[in-house]
Number of protein chains: 4
Amino acid sequence: MLVEHPFKRASLEYVGGKYSEVIISTPNGIVPIGRNHPIVVVAGPCSVESKTMIVETAQQVKASGAKFLRGGAYKPRTSPYAFQGYGESALELLSIAKEETGLGIITEVMDASDLDKIKEVADVIQVGARNMQNFSLLKKVGSQEKPILLKRGIAATINEWLMAAEYILAAGNPNVILCERGIRTFDTKYTRNTLDLSVIPVLRSLTHLPIMVDPSHGTGRADYVPSMAAAAVVAGTDSLMIEVHPNPAKALSDGIQSLTPVKFDNLMHKILIISQTVHRLV
Amino acid sequence: MLVEHPFKRASLEYVGGKYSEVIISTPNGIVPIGRNHPIVVVAGPCSVESKTMIVETAQQVKASGAKFLRGGAYKPRTSPYAFQGYGESALELLSIAKEETGLGIITEVMDASDLDKIKEVADVIQVGARNMQNFSLLKKVGSQEKPILLKRGIAATINEWLMAAEYILAAGNPNVILCERGIRTFDTKYTRNTLDLSVIPVLRSLTHLPIMVDPSHGTGRADYVPSMAAAAVVAGTDSLMIEVHPNPAKALSDGIQSLTPVKFDNLMHKILIISQTVHRLV
Amino acid sequence: MLVEHPFKRASLEYVGGKYSEVIISTPNGIVPIGRNHPIVVVAGPCSVESKTMIVETAQQVKASGAKFLRGGAYKPRTSPYAFQGYGESALELLSIAKEETGLGIITEVMDASDLDKIKEVADVIQVGARNMQNFSLLKKVGSQEKPILLKRGIAATINEWLMAAEYILAAGNPNVILCERGIRTFDTKYTRNTLDLSVIPVLRSLTHLPIMVDPSHGTGRADYVPSMAAAAVVAGTDSLMIEVHPNPAKALSDGIQSLTPVKFDNLMHKILIISQTVHRLV
Amino acid sequence: MLVEHPFKRASLEYVGGKYSEVIISTPNGIVPIGRNHPIVVVAGPCSVESKTMIVETAQQVKASGAKFLRGGAYKPRTSPYAFQGYGESALELLSIAKEETGLGIITEVMDASDLDKIKEVADVIQVGARNMQNFSLLKKVGSQEKPILLKRGIAATINEWLMAAEYILAAGNPNVILCERGIRTFDTKYTRNTLDLSVIPVLRSLTHLPIMVDPSHGTGRADYVPSMAAAAVVAGTDSLMIEVHPNPAKALSDGIQSLTPVKFDNLMHKILIISQTVHRLV
């Protein structure tokens, strides 16, 4: 599954040459993510809540064109008293959803001791924003072969983010996707974070690594997701991560930023039009 | 030139109803800016530097489709020893460029005592980011009839920005355009500011006032302007402000963020495609 | 009243030599503010509300050891519908309070056209945080002779702040006091701003200009003012600005950050002990 | 070593009652840290570099009055190519320094699998700013008995910080010290971070947990450490962490923010005067 990596000290010292791609095997076939490929959409709920919920969501997002299902088994929550995810049993439900739909699976690792279990089901392993500088974890996900989705820390500079990627690359794993998910600024009244879309052209000029944008965490409000998703596509992102929940009002976590499957389907039609007419235009 | 204003305490208490538009008379005809109109592009140099420079730039941006010429006569510079703009003589050059091209003129006021001179040539008067909470100036531009372009302060919350607009509206001038131009965050290595495109859907849900985005100040780097301009259009902005300079390397101010006329023309072709296929799509 | 100024391009290029002092004539005598003098305390309400209120407050803060009375006549308020200050009639009340107590007067200018009226009563003229980069105003206060209290903008870098001071110095007025009043960061739940006390040693290493700290705006909460005021003294500030209101719960503005006269008196006793034992110690 | 804990959901729901203390056994005797005790100083180098270096530094900081030696064995570094600490062999050197001086030892854990080794020498285990929301690690240090020094994340709100402490408390370990070490803001030209001393009164009003301030990381510059250390004492901190290196210019990490032993000794004399005259005064 590893793509041969043409760069030394890859994340930071890239100054030209080829863009790299992360090529992922899913039951439905090979999916490449990168500068020279069509946009790839990852969708699904913040947390895996039940078998019905995750399987039906998977079927719906697949029908709308998503290639990957996201779903949290281990959840990083600010409060220890908040829902922490269903852990191992959630991984089993993701496995069932994968079998039913053939979608690739992306889920987060919070503790290196869970890596083996997660690798059994996940096609891409997410390192979350809060762990972007958990260097022990970065070294460990770097010394195994599954592709890594590395979310930007909430106050991480672009240099720090690329250096976090470098930990993974330096440990031997060249398959890193960089995911912008909003940064912390002085204004949090209307948006949870400030989605920094300028990272798209900035990263393009600095690194060969593929780019993903998560407008769901980036804005924290379902109403703002479609316009920011569309903007990210036009600005040149290689992939999108969108939260979709069958019933956002009853979600165990992050319902306020989740699209319904119907709204997601609507967005996917628009993204299709946009990506056919203007993706890679600018 | 005033549009009848259907709202009370308009900027903040809008919860539905009609979007307002700012209708501007230019020698080339009426140009409306607002939710129900095609995108309008304002272009030109940071500072007015000479007659040849401003007239030729005006002709070029007009040929590419811009409706307004921007150009600074009075420049807010961090250092008192930096070029402060050519003032009154720059206003005269803007007047010549207007005559030659029929473009509308947008220029900044820094001191209320310059308002009368500026109004003779400007069709829209800009209040810059540093003066967004210069309440004396807001009251004065609110008590005259020219439309106002109100740039967001570098660390202004959306509420503070709308309240600044409210000062103008409350003083009797309903014609305010809100211009996002990047906010200050913790990372300034690659971009001068962080362009906050999420304000587009946020403002749409809060206010009827028209929206402009300035990706030139927003990113501070010419290379990043095209993708952010395109993203802003898809996200739904009503207008764009783009810095264009015939020779950015020799600009008296802000050359690093200015497009050449050729690059601007190229961008305008792409914006045309984007706005025809996907503007107002999301 | 002007002190001879030993520096060229004074604010920024200082790399040694003498610290400057601002020497202010008040009815009670000369008050110098600077590195080689005892700490000076400015106190009073956010806004001048009535004759009784301002005169009694002046008497109380004088009895506690304050050398200057602060009080707003022209108030920069986020909303145009909030109390805007009593303007000229507030200046008259400040004049009465000055006559009654002999305290020096500090009040803010928001509009250059008010300068002449303000100069009749004020011994120090304040340029507020929102106008720190109102360069027209800076040039005007720089071309008159009253000392200027220049508050740091809410997101101003130290360089920008010193450059704002430079506008005043370059216009001919060497008497500038730099006032830290809190910056805007990501956390505003418990404090209105983040008081940046590290500017004290930083400014000491960069500029000869005297330093003031305003823990009232800096924290936005009366409970936090005493510890931050004391910390500022130990860190080496030359002066303090403290909001005091006879009845904070009924203040027309900023009551939540105002000390009662009794609490202010208590704080002044502690500041006396601190400044006698440890001011200039570190 | 555990202090009986009088609070439920201790970190956040405290609204009165007793302050808690963390009582630490060191070879030199019991050292309590908390609101009702004298200030405690932790000192030492960023990284443990050699036996001579760490033992001599320990002897010097002990002679100056420090009760704990800090020293990094496992170092969280932005770049994977930077010095990562000497790991286990550094722990052995800390053990020797402890034996030679009787000082308590504070060192950082980055990976839960190192906990057992670290616990053999450390009297207090540090969780660093980058791991403040590494919830797996928080749960693990919460389920063992050594006291924890919890550094504030670089962009952590006070609520998030207290909730991180809550993870440790909820797992059964009541001995948490909260350490402010500077936050990330828009200005990093003169200071590495912005030391937020207002957390001292804020935390006092919210939580019973003891407070430490680290002006070395907080400012990033040795010159600014003394004034900020002194300010923290006057503002009421319970303890300080100060970086001391025998030869800062040759330090393997963070030399620029380290005091020499002589400068540290000088600072300790001043802190003694300050704490005797004005600590707990305000």
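The following exercises, with worked solutions, concern a predicted model.

**Exercise 1. Determine whether the radius of gyration of chain A agrees with that of a compact globule.**

Solution. Step one: chain A has 282 residues, and a compact globule with that number would have a radius of gyration near 19 Å. Step two: the value for chain A is 17 Å, which agrees with the expectation. Step three: the box filled by the C-alpha atoms, taken along the principal axes, is roughly 45 × 45 × 40 Å.

**Exercise 2. Describe chain A by its secondary structure, burial and contacts.**

Solution. Step one: chain A contains ten helices and ten strands. Step two: 66% of its 282 residues count as buried. Step three: among contacts with a separation of 6 or more in chain A, 69% are between residues 24 or more positions apart.

**Exercise 3. Characterise the surface and the charges of chain A.**

Solution. Step one: the accessible surface of chain A is about 9200 Å², and carbon and sulfur atoms contribute 50% of this area. Step two: the chain carries 29 positive and 27 negative side chains. Step three: the centres of these two sets lie 4 Å apart.

**Exercise 4. Identify the residues with the most contacts inside the largest nonpolar core, and examine the one in chain D.**

Solution. Step one: the largest nonpolar core has 312 residues. Step two: L150(A), L150(B), L150(C) and L150(D) have the most contacts inside this core. Step three: setting aside neighbours within four places in sequence, the contacts of L150(D) include V127(D), M132(D), L138(D), W161(D) and C179(D). As general background, nonpolar side chains tend to be buried together in soluble globular proteins.

**Exercise 5. Establish whether V127(B) is buried or exposed, and place this residue in chain B.**

Solution. Step one: V127(B) belongs to strand β6, residues 124-127. Step two: the relative accessible area of V127(B) is 0%, so the residue is buried. Step three: E108(B) is 19 residues away along the chain, yet its C-alpha atom is separated from that of V127(B) by 5.8 Å. Step four: beyond four places in sequence, V127(B) touches several residues, including V109(B), L138(B), I148(B), L150(B) and K151(B).

**Exercise 6. Apply the burial criterion to K98(B) and list the contacts of this residue.**

Solution. Step one: K98(B) lies in helix α3, residues 88-101 of chain B. Step two: buried means under 20% relative accessible area; at 16%, K98(B) therefore counts as buried. Step three: not counting residues up to four places away in sequence, K98(B) touches P27(B), L103(B), I105(B), V121(B) and D123(B). Step four: the C-alpha atoms of K98(B) and I242(B), 144 residues apart along the chain, are 18 Å from each other.

Terms used
Residues numbered from 1 in each chain as written. Chains lettered and ligands numbered in written order. Predicted model: local features only at pLDDT ≥ 70, side-chain atom pairs only at ≥ 80, totals over all residues. Heavy atoms only, no water. Helix = DSSP H or I, 4+ residues; strand = E, 2+ residues; numbered from the N terminus. Rg over C-alpha atoms; globule rule 2.2 N^0.38 Å. Buried < 20%, exposed > 50% of the residue type's maximum accessible area, 1.4 Å probe, protein only. Contact = heavy atoms within 4.5 Å. Areas by Shrake-Rupley, 256 points an atom, 1.4 Å probe, with all protein chains shown as cover. Lys, Arg positive; Asp, Glu negative; His and termini not counted. Charge placed at Lys NZ, Arg CZ, Asp CG, Glu CD. Core = buried A, V, L, I, M, F, W, Y, C linked by side-chain atoms within 4.5 Å.
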